[in-house]
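Hi,

Here is the structure I promised to pass on to you. Have a look at it first, and then read on for what turned up.

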Amino acid sequence: MTNLISNAIARVSSLLKGLQVKRFLAVVMLGVLLLTTNTYITPGDNKVLGKEVRDRAHLNDTQRPRTTGEWQKEAEEVKGNPGERLKRIGEDSAEAFRDFGSGYVEGAKRTANQAKDSAVDAGKDIYNQVRR
């Protein structure tokens with residue numbers, strides 16, 4: 001009976017020692033990873049990113065609002081006049097669908113050209129293999 005208890009204690013003790021070693025190695029590896037990375041994030045980076053996003057939002061020459069602030073400003077302009085607000089929403093939605101449609105057409109043309117080029121290349125490969 002004493003042998004059984006001492007064996008159980010020895011197994012639990014070795015298990016705990018193994019876990020501590022694994023935990024220690026994990027912390028060391030994490031420290032090495034953090035100390036060797038050259039990427040630093042500073043609070044100013046968020047402002048630059050925000051400016052870049054705002055600039056990209058206004059690349060298209062459009063009259064509809066693009067940012068939340070612009071939407072809120074437009075809503076304040078027509079506050080109390082739901083008819084005008086609905087009219088503007090309809091116009092903005094129509095313009096957005098036109099933009100989306102033109103982008104879809106351009107993307108479809110590019111995809112068709114790439115598919116055509118791929119088919120031509122595949123045909124040339126098959127022709128070359130049959131010729132051998």
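E74 is buried, with a relative accessible area of 12%, because the cut-off for buried is anything under 20%. Keep in mind that you are looking at a predicted model. You can find E74 in helix α3, which covers residues 68-77. Leaving aside residues up to four places away in sequence, E74 touches P65, R85, R88 and D92.

One of those contacts deserves a second look. E74 forms a salt bridge with R85, and their closest N and O atoms are 2.9 Å apart. This pair links distant parts of the chain: E74 sits in helix α3 and R85 in helix α4 (residues 82-131), eleven residues apart. R85 is buried too, at a relative accessible area of 18%. If you are wondering about the chemistry, side chains of opposite charge can pair when their charged atoms come close.

How many salt bridges does a search of the whole structure find? There are three, so here are the others.

R88 pairs with E77, again with the closest N and O atoms 2.9 Å apart. That bridge also links distant parts of the chain, with R88 in helix α4 and E77 in helix α3, eleven residues apart. R88 counts as partly exposed at 22% relative accessibility, while E77 is exposed at 51%.

R88 has a salt bridge with E84 as well, where the closest N and O atoms are 3.4 Å apart. Both of these residues lie in helix α4, four residues apart, which is about one turn of the helix. E84 is partly exposed, with a relative accessible area of 25%. Through shared partners, the salt bridges join E77, E84 and R88 into one network.

Now for the other end of the chain. V21 lies in helix α1, which runs over residues 2-36, and is partly exposed at 49% relative accessible area. Together with F24, L25, V28 and V32, V21 forms a nonpolar patch on the surface, and the five add up to about 450 Å² of accessible area.

Finally, the overall picture. The chain has four helices and zero strands, so the pattern along the sequence reads α-α-α-α. Of its 132 residues, 7% count as buried, and E74 and R85 are among the buried residues. The accessible surface of the chain comes to about 11900 Å², with 61% of that belonging to carbon and sulfur atoms.

Cheers

Terms used:
Residues are numbered from 1 along each chain as its sequence is written. This is a predicted model: local features need pLDDT of at least 70, side-chain atom pairs count only at pLDDT 80 or more; totals for chains, interfaces and linings use all residues. Side-chain values use heavy atoms; hydrogens and water are left out. Patches are made of residues with over 30% relative accessible area and no salt bridge: like charges are joined within 9 Å, nonpolar side chains (Val, Leu, Ile, Met, Phe, Trp, Tyr) within 5 Å. Accessible areas come from the Shrake-Rupley method with a 1.4 Å probe; for residues, only the protein chains shown count as cover. A salt bridge is a side-chain nitrogen of Lys or Arg within 4 Å of a carboxyl oxygen of Asp or Glu. Helices (H or I, at least four residues) and strands (E, at least two) are DSSP runs, numbered from the N terminus. Buried means under 20% relative accessible area, exposed over 50%, partly exposed in between (1.4 Å probe, protein chains only). Contact means heavy atoms within 4.5 Å.
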